[in-house]
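User: I'm new to this one. Can you show it to me and explain the terms as we go?

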Amino acid sequence: MKVLVPVKRVIDYNVKVRVKPDQTGVDLANVKMSMNPFDEISVEEAVRMKEAGIATEVVVVSIGPQQAQETIRTALAMGADRGILIKTDAMVEPLAVAKLLAKVVADEKPDLVLLGKQAIDDDSNQTGQMLAALLDWPQGTFAYKIEKDGDALKVTREVDGGLQTVKLQTPAVVTVDLRLNEPRYASLPNIMKAKKKEISEKSPADYGVDITPRLTVVKVTEPAARSGGVKVEDVAALVAKLKTAGAV
Amino acid sequence: MAVLVIAEHAHGALSDATHKVVTAASKFGGDVDVLVAGENAGAVAPAAAKISGVRKVLKAEGETLRKQTAEAMEALVVPLMAGYDAVFIAATTTGKNIAPRIAAKLDVMQLSEIVEVVDQSTFVRPIYAGNAIMTVKSSDAKKVITVRGTAFPAAGNDGSASVEDLAAPAAQSKSEFVSEEMVKSDRPELTAAKRIVSGGRALGSSDKFKEVIIPLADKLGAAVGASRAAVDAGYAPNDYQVGQTGKIVAPELYIAVGISGAIQHLAGMKDSKIIVAINKDEEAPIFQVADYGLVADLFVAVPELTKAI
């Protein structure tokens, strides 16, 4: 089974995001960037599938600026086989990302596209589902567990209320949730090895996909600040406060 | 101008989330129709017909729609969209699973988890775990929108819409429902609860989580939540997780017990009306958003609190 893993370069999840004073967006200058945490989980799962003899090849693809190559290298150091960088400095919306990925799928013919359920920058949670629709493939979103079942995949999903299991015929799209696995840290020898792995470079135009945004950002603002409260001395004082506020 | 709302329901009961989505759809304007699809749609449709401001209810039942899989819902909804300017659906795991599939088929860029309808093409949504709020204008002819329930009040129940039947889509063989394992609980649902008691990693074990959190929640008639750390450690089921990638809640009272307050957690609960934090680390970031903070050993303070209220 060949697995395609799309990865996104985003602000590191530990960085405190700052909104630009001119309200055009958030400040990305000199901010630490990393692989989207959900994508790390999908890379890890694909590599584990390879180690288990289920996956034959793991191809990583990223759409973004030149520096997205570093994100691809991280995935290669974790154990992916090769990378594709679709280079653009433009903002690419999930719909356009899905269209580009559909073209990559046409070239690469994977049996499974495994991606993070959402990116922690725009919190859209759309790309995997959109890709599945464009390809007319079945989808298993928010995966908690992925098992091979003959030619099919059994995907257990995190849903409101508990867990749901679906069986998907391959080729399929699966998006991963937090508890699927714990991603590994790449070892130094593997980081060195990853430097020799192939990354091919493309552009959105090579695929003939129009990436013009459909959404225009009117403004980006700070959320309403929550006024800091008070510390109470003990449980009795807390109960008194809650009673006064009518909360209990 | 007409809007389609896809109803959220389970076990034959209409979810309160649907009422909130109807409010958001009404702000968009035009006639609001509600689609009730899936298992028990027949039982749920009359409740949907009572939602204030609804023109008509479309009901679709059938084996293919039973569990509202995204593939079947896409096949049902996409042809219907010829008659609608927008589709609104709750940003629940069901809505998030379905909506982007519909958007892609319509060649539309979806607007995820909106918290405000400014006008028919302009919407407000949080990004970066709620650390920035984006106002965005869509140039697409049709809108596909998921709605954050906590941002809109629930519509009333004084409507009397008609109910129409729709045929279920034909079976497809690419995906099938196998099983589900639902957490059984008599408690209020997290996203609809007026009070929530949430536990964090400081509880130390699943047993302690039950021993400390549950009695307080019982006393308050509250739903039970958890931080990601507590869920990852296996102290609570995944369904309890409050935060950026879990549930977004905004109860009247949120009691955070042994939760440090990572931004990913704050993103899920900072719109709560009153926040109480109990934590022995006085530097914990949770205190920056708490109305009432108690620096104390939770194993002593929480049982004491349970007794005192």
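Analyst: Helices (H or I, at least four residues) and strands (E, at least two) are DSSP runs, numbered from the N terminus. Right after H4(B) comes Asp107(B), with a positive phi near 55°. This is a predicted model, where local features need pLDDT of at least 70, side-chain atom pairs count only at pLDDT 80 or more, and totals for chains, interfaces and linings use all residues. Residues are numbered from 1 along each chain as its sequence is written, while chains are lettered from A and ligands numbered from 1 in the order in which they are written.

User: What makes H4(B) mostly covered?

Analyst: A residue is buried if 20 or more other C-beta atoms, placed from the backbone, lie within 10 Å of its own. In H4(B), 13 of the 14 residues are buried, so the helix is called mostly covered.

User: How do you know that the span of helix H4 of chain B is close to the one expected?

Analyst: The expected span is 1.5 Å times one less than the number of residues. Helix H4 (residues 93-106) of chain B has 14 residues, so 20 Å is expected, and the helix reaches 21 Å from its first C-alpha to its last.

User: Why are strand E12 of chain A and strand E10 of chain B said to pair?

Analyst: Two strands pair if DSSP finds at least two bridges between them. E12 (residues 215-221) of chain A and E10 (residues 132-138) of chain B have six bridges, in the antiparallel sense, so they pair. In E10(B), Thr135(B) is the bridge partner of Lys219(A).

Note on methods:
Buried ≥ 20, exposed ≤ 12 C-beta atoms within 10 Å, placed from the backbone.
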